[in-house]
Amino acid sequence: MASEITLYDLACTKGLCFSPAVWRIRLMLNYKQIPYRTIFLEFPDIEPTLQKLGLTTPQSGKYTVPAIHHIPTDTYLMDSVPIAQFLELTYPSRPVPLVSPLGQQIESQARGAVGPAFHTSVMPREVNILSPRAQEYFRRTREAALGHALEDLLSGDSEERVWESVERGMLGIDELIRANPEGPFVLGEQPSGTDFFIAGSLQSAKMVDEETFERCVAYPGFRAVYEACLPFMEKRD
């Protein structure tokens, strides 16, 4: 079947998707069974490539993936939120509820609790799965923003202290994930955008640092959503 979507993804040495934001869209494409192909971009190539495609500078001022080219309408889009909205409107079969009160609560709390832990445990280790050229870019830009070396995030007991600080928040999120008894997904029997948010983040962690992934799936709600989404992760490249 001819591809209808070109998905621009973030390259790594494993040759597979590892970006959590891209995974949200990849999960949606796989679930909806939309035929697509992937173009992987190194970190330094994202901005010039997307500029050449005619994508305008986002409000954040930062070009990023995911980006897509919808071939039937010759439409180019960047950023997971507008892309997900476009896919849901264009491909309404196998619907994916993108927003719900419970989902918004989970995602907001996850950004506040899981976000700092991933920043500490995952982000500095991303450099280990990048090409030498992308490593240089990643280290230069991230260390300029941090004001210190990536490795400083992992020094001493700082990593353990971060995970201890988010434990209560993780427990609260896990309870919210399991709030719907009809599961295994957040809203019941069918996946939502929030499930893809959770599963994409977990798969990203698994690609970068297995220990971080295991810390998260020790919570039964996180594990249940991840395992329920596994059928939609079979196409990873």
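The paragraphs below lead through a predicted model, beginning with its sheet and ending with one of its helices.

The sheet is open and consists of 4 strands, which follow one another in the order S2-S1-S3-S4 with mixed pairing. At its edges stand strand S2, residues 36-41, and strand S4, residues 75-78, each of which pairs on one side only. From one strand to the next, the twist averages 20°. In general, the strands of a sheet pair through backbone hydrogen bonds, and they do so either parallel or antiparallel. Strand S1, made up of residues 5-10, runs parallel to S2 and is joined to S2 by 6 bridges, and across this pairing Tyr 8 stands opposite Ile 39 in S2.

Helices can be placed against this sheet. Helix H1, which spans residues 20-32, packs on the sheet by touching S1 and S2, and the direction of H1 makes about 150° with that of S1. Helix H3, formed by residues 80-90, lies across S1, strand S3 (67-70) and S4, and runs at about 140° to S4.

Further along the chain comes helix H8, residues 210-217, and here a reader may ask which of its residues are buried. The buried residues of H8 are Thr 212, Phe 213, Cys 216 and Val 217. Around the helix axis these residues cover an arc of only 125°, and they therefore lie on the same side of H8. What covers the buried residues of H8 includes four helices, namely H4 (101-121), H6 (158-177), H7 (193-208) and H9 (220-229).

Notes
Residues numbered from 1 in each chain as written. Predicted model: local features only at pLDDT ≥ 70, side-chain atom pairs only at ≥ 80, totals over all residues. Heavy atoms only, no water. Buried < 20%, exposed > 50% of the residue type's maximum accessible area, 1.4 Å probe, protein only. Helix = DSSP H or I, 4+ residues; strand = E, 2+ residues; numbered from the N terminus. Arc of directions from axis to C-beta. Contact = heavy atoms within 4.5 Å. Pairing = 2+ DSSP bridges. Axes fitted to C-alpha atoms, helices over the stretch in contact; angles between N-to-C directions.
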